[in-house]
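Biologist: Let us go through this model together. I will ask, and you reason from the atoms.

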Amino acid sequence: MSILNLLQAVRSAKKAESLSPQQIHDLQQKRFKKLLRHVLQKSRFYKKYYKEHGITERDVDKVLPEDLPVIDKQIMMENYDDLVCDPALKKSSLEQFINESPDAGTKYKNVYRVINTSGSSGTIGLFVYGPRDWVIARALSLRIAGIPIHLLKREKLAFIGATDGHYAVITGVCGAPRILFKVLSLSISSPLEKICRDMDRFQPDALVGYASGVSLLAHEQLSGNINIAPKKIWCGGDPLNPAIRTNIKKAFDVNPINLYGASETMSFSAECKRHHRLHFFDDWFSVQVVDKDLKPVMTGQAGRVILTNLYNYTQPLIRYQMNDEIVLSDEPCQCGWPFQIIEKIAGRHEEFLWFTKTDGSKEFIHPIVLVEFFVPGLEKYQFFQTGTDRLLMKAVINGEKDSIVPVMHNRMSEILSQKSLEDTVQFDIELVDEIQNDPKTGKFRLIIPFAKQ
Ligand SMILES: [Zn+2]
């Protein structure tokens with residue numbers, strides 16, 4: 001796909017910004033019907049699943065998104081090879097690929113972008129984007145980032161987060177067109193001193209990362225350990241709370257733009273220039289907010305997200321239940337964007353795990369490193385910190401224990417040694433048949449710190 005295709009997709013994404021909310025809704029419905037027709041022709045899973053609910057290709061014109069049954073990550077993963085619309089994609093080969101080629105810039109068969117995550121649900125998911133899908137994903141990122149104006153000088157974009165696997169943000173950053181951007185990716189697992197040195201040397205024009213990662217840099221800037229002057233800052237992945245925002249503004253004199261996306265969506269929503277809450281891009285995503293019985297809730301009330309990604313034709317996600325809880329708002333925004341406002345997001349906060357070394361000093365494992373823990377054959381997991389120097393992982397696996405468990409230990413050894421915690425933390429794995437949600441809240445907790453048990 002050439003840069004011209006991308007620029008055309010960006011132009012069309014920009015054009016949608018001046019449509020009315022009704023026109024966005026009509027465009028969404030048109031795209032939904034086109035996608036539905038596609039899956040009824042190309043996906044064995046959807047064809048069978050919808051037929052069981054009395055829906056076939058003949059019904060496409062009269063079906064509304066809410067008429068279709070819901071799927072979730074578990075259903076998607078159990079039916080993966082039948083769900084995808086491209087016979088070249090097989091779950092087992094994709095898992096092997098992720099394990100053998102952890103560089104997020106590497107494409108599967110040189111064609112497909114592959115993303116894996118457990119998200120906050122603890123269940124590992126694979127998400128594949130074909131070349132055409134990826135053009136739209138990148139166009140939506142550029143809707144947020146803008147095209148750098150100095151076409152003869154590439155914009156220097158620095159990323160801080162999880163870098164050693166096929167995770168959503170790093171894959172998006174690796175996909176930034178090289179003709180427009182020069183990219184530096186820094187691992188949140190590196191020693192802080194290295195992060196500071198590399199960041200100082202690079203002198204980014206723009207900074208993107210987990211809010212907690214950017215906050216760490218803000219702290220270093222205010223302490224005089226780095227001296228950088230990014231003109232644009234985007235934060236996603238974990239909550240950009242008012243204290244973090246104030247800190248970032250103080251350090252860099254830039255008001256950061258809050259982002260909210262997922263492996264299922266890539267760039268899904270962003271704060272507008274007025275910094276007035278997030279807008280989600282309902283020209284390319286259809287969202288319904290529901291209660292625990294899957295009944296729609298009123299605008300202004302919290303509920304689970306049922307998502308349809310309208311541009312992924314390779315691995316279509318239709319009426320897919322996310323783990324996130326959001327509150328939508330009908331309130332218009334002065335910024336002029338027609339896209340609907342997300343008033344609040346819940347269920348995205350994971351905990352840092354702090355460990356105490358033998359010399360009394362403390363070091364943390366960032367939650368993203370645990371959220372993105374990937375080993376082939378590992379299906380679901382949960383981390384329990386059982387002491388200031390002990391960590392237990394409960395895991396559900398599918399396959400041979402003797403081949404999967406040592407790889408899990410190796411992966412954790414890598415994570416611990418990056419923070420020089422290998423001699424501090426005793427790590428154990430307990431294989432279980434099932435991991436229950438928290439009985440008090442009914443929600444799944446991926447990470448349970450020692451202090452909060
Ligand atoms: Zn706005």
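Modeller: First, a term: domain bounds here come from an automatic or database domain assignment. Keep in mind that the model is predicted.

Biologist: How far apart do the C-alpha centres of domain 1 and domain 2 lie?

Modeller: The assignment gives domain 1 as 1-347 and domain 2 as 353-452. Take the C-alpha centre of each domain. The two centres lie apart by 26 Å.

Biologist: Which element gives the most to the side of domain 1 that touches domain 2?

Modeller: The contact takes 25 residues from domain 1 and 20 residues from domain 2. On the domain 1 side, β1 (113-117) and α6 (91-100) each supply at least two residues. The top contributor, with 4 residues, is α6.

Biologist: How many residues on that side of domain 1 are polar?

Modeller: Split the side that touches domain 2 by residue class. There are 6 nonpolar residues and 1 charged. The polar count is 18.

Biologist: Which helix gives the most to the largest nonpolar core?

Modeller: That core has 129 residues. Those with the most contacts inside it are V128, A139, F159 and V214. With 9 residues from the stretch 131-145, the helix that gives the most is α7.

Biologist: Where does this core lie relative to domain 1 and domain 2?

Modeller: Look at who contributes. Domain 1 gives residues to the core, and domain 2 does too. The core therefore lies between them.

Biologist: Which residues is V214 in contact with, leaving aside neighbours within four places in sequence?

Modeller: V214 is among the core residues with the most contacts inside it. Contact here means C-beta atoms within 7 Å. Beyond its sequence neighbours, V214 is in contact with I160, L207, G209, I233, C235, I248 and P256.

Note on methods: Residues numbered from 1 in each chain as written. Predicted model: local features only at pLDDT ≥ 70, side-chain atom pairs only at ≥ 80, totals over all residues. Contact = placed C-beta atoms within 7 Å. Nonpolar A, V, L, I, M, F, W, Y, C, P; charged D, E, K, R; others polar. Core = buried A, V, L, I, M, F, W, Y, C linked by C-beta atoms within 7 Å. Buried ≥ 20, exposed ≤ 12 C-beta atoms within 10 Å, placed from the backbone.
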